[in-house]
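Here's a quick tour of one protein chain for you to follow on screen. Keep the picture open and hop between it and the notes as you read.

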Amino acid sequence: MDLWGLLFSARLWFFVLMLVASGIVLLTVVWFERKAAARVQMRVGPYHVSPWLGGYLQLLADAFKFIISEPIVPRGAHKLLFTWGPPLFVTLAFGASLLLPLTPELRLIKDPNLLPYGLVFSLVVLLLVSIAIVIIGWSVNNKFAYVGAAREALLVAAYELPLVLSVLAMFILYGTLDPLKIVEKQSILVGAMLNPFAFLVYLVATAMATARFPFEIADYEGDVATGPYSDYGGVFLVLSFAGGTYYATFSYSFLASLLFLGGWNLPGFAVGGWPQDILGHLVLAAWVMFKTLVLMFFFAFLRAAMPVLRLDHTLALGWRGLLILGVAAVLWSTALKLAGL
């Protein structure tokens, strides 16, 4: 491949766009989360760094402060797991999104026959993120970390099956695992309208999986002192508590934008081939990222509006309410499929 072909490679553009777009989305979401919580609690929120932008760059200043801090491994901690747990966490959390297409041309998996496997493996990788959190909590020689890891393991058992059922319901409805065909089938009605039960289950399960309020139980500062991340600081804290959880939310939201919100379907907008119509593909990519951002705004606002639930209430919600609703979503998709819709 010559230099010109490399510069306009769809895979290269996909990776760069995902890296840049996810960074901008995370920066915007954290800023919104802080500002929304401050407004609800009648505070100002971040404003010292970049006051002309309403404190938008505060997160970068905070991240820089932690990165230049000395990384400390507590005495008694499992050094290998303690140091490699956070990189594994953030790699799995962000890597899941790389298995999904951003537009019909901008995707890492070029073989159409492998695209269905990419979507399935993306979901599998997201479910493995919780195992990385448990590993992080177990590696720390701290009772709060142990309790947080145990809570995380219990939450996985509560949301994992309903989450899989919600995705299974959409696969039944679309009749395919190919993300390109899934988006194409939402040209008239998006998946959230076709099966609102599955969409609701997916939203609640995502909030549980990413420790969003009211399910910030495994790392709630009020009783377990950030749980699995209790003894983490410096770059380790940036990669785990600050980076991994938000990147996991990004990947879950990105997957939801394809399954439930129509992906890159933009009414009245036609796009040409790649790389002849680069601008058109960038517009579609921006449309997908906008839907992802809206979903992440929703999860971020929960911090300002919802209290933290008790663990037993959350487990009951997962095993009773969500599980029943997930089964109902599968039955609803089956009925629509049998009806020829």
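Before we start, one term: helices here are DSSP runs of H or I with at least four residues, numbered from the N terminus. With that in hand, you can place alanine 211 in the loop between α9 and α10 (221-224). And keep in mind that this is a predicted model.

**The whole chain**

- You'll find 13 helices and zero strands in this chain, so reading along the sequence just gives you α-α-α-α-α-α-α-α-α-α-α-α-α.
- A compact globule of 341 residues would have a radius of gyration near 20 Å, and this chain agrees because its own value is 20 Å.
- Along the principal axes, the C-alpha trace spans about 55 × 50 × 45 Å.
- Buried residues account for 50% of the 341 in the chain.
- Take the contacts between residues at least 6 apart in sequence: 79% of them join residues at least 24 apart.
- About 15,900 Å² of the chain is exposed, and carbon and sulfur atoms supply 73% of that area.

**The nonpolar core**

- The largest nonpolar core has 91 residues, and the members touching the most others are Met18, Leu102 and Phe260.
- Leucine 102 shows what that looks like: leaving aside residues up to four places away in sequence, its contacts include Phe14, Leu17 and Met18.
- Leucine 102 also touches Phe254, Trp264, Ala285, Val288 and Met289.

**Helix α2 and what follows**

- Helix α2 covers residues 10-40, which is 31 residues.
- From first C-alpha to last, α2 reaches 43 Å, close to the 45 Å expected at 1.5 Å a residue.
- An α-helix has 3.6 residues a turn, so residues three or four places apart point the same way.
- After α2 comes methionine 42, which has a positive phi, near 55°.

**Two loop residues**

- Asparagine 195 sits in the loop between α8 (191-194) and α9 (196-209).
- Is asparagine 195 buried or exposed? It counts as buried because its relative accessibility is 0%, and the cut-off for buried is under 20%.
- A polar atom of the asparagine 195 side chain lies 3.0 Å from the backbone oxygen of alanine 329.
- Not counting residues up to four places away in sequence, asparagine 195 touches Ala169, Met170, Leu173, Ala329, Trp332 and Ser333.
- Now back to alanine 211: this residue is something other than glycine, yet its phi is positive, near 55°.
- Alanine 211 is buried too, with a relative accessible area of 13%.

**Two helix residues**

- Glutamine 58 belongs to helix α3 (residues 58-67).
- With a relative accessible area of 15%, glutamine 58 is buried.
- Which residues does glutamine 58 touch, not counting those up to four places away in sequence? They are Arg34, Pro46, His48 and Val49.
- Alanine 150 lies in helix α6 (residues 143-174).
- Alanine 150 has a relative accessible area of 42%, so it counts as partly exposed; that label runs between the 20% mark for buried and the 50% mark for exposed.
- Alanine 150 and glycine 137 are 13 residues apart in sequence, and their C-alpha atoms are 8.4 Å apart in space.

Technical notes:
Residues are numbered from 1 along each chain as its sequence is written. This is a predicted model: local features need pLDDT of at least 70, side-chain atom pairs count only at pLDDT 80 or more; totals for chains, interfaces and linings use all residues. Side-chain values use heavy atoms; hydrogens and water are left out. A nonpolar core is a set of buried Ala, Val, Leu, Ile, Met, Phe, Trp, Tyr and Cys residues joined through side-chain atoms within 4.5 Å. Buried means under 20% relative accessible area, exposed over 50%, partly exposed in between (1.4 Å probe, protein chains only). Contact means heavy atoms within 4.5 Å. The expected span of a helix is 1.5 Å times one less than its number of residues. The radius of gyration is taken over C-alpha atoms; the globule rule is 2.2 Å times the number of residues to the power 0.38. Accessible areas come from the Shrake-Rupley method with a 1.4 Å probe; for residues, only the protein chains shown count as cover. A polar contact is a pair of N or O atoms within 3.5 Å; within protein, one must be able to donate a hydrogen and the other to accept it, and residues adjacent in sequence count only if both atoms are side-chain atoms.
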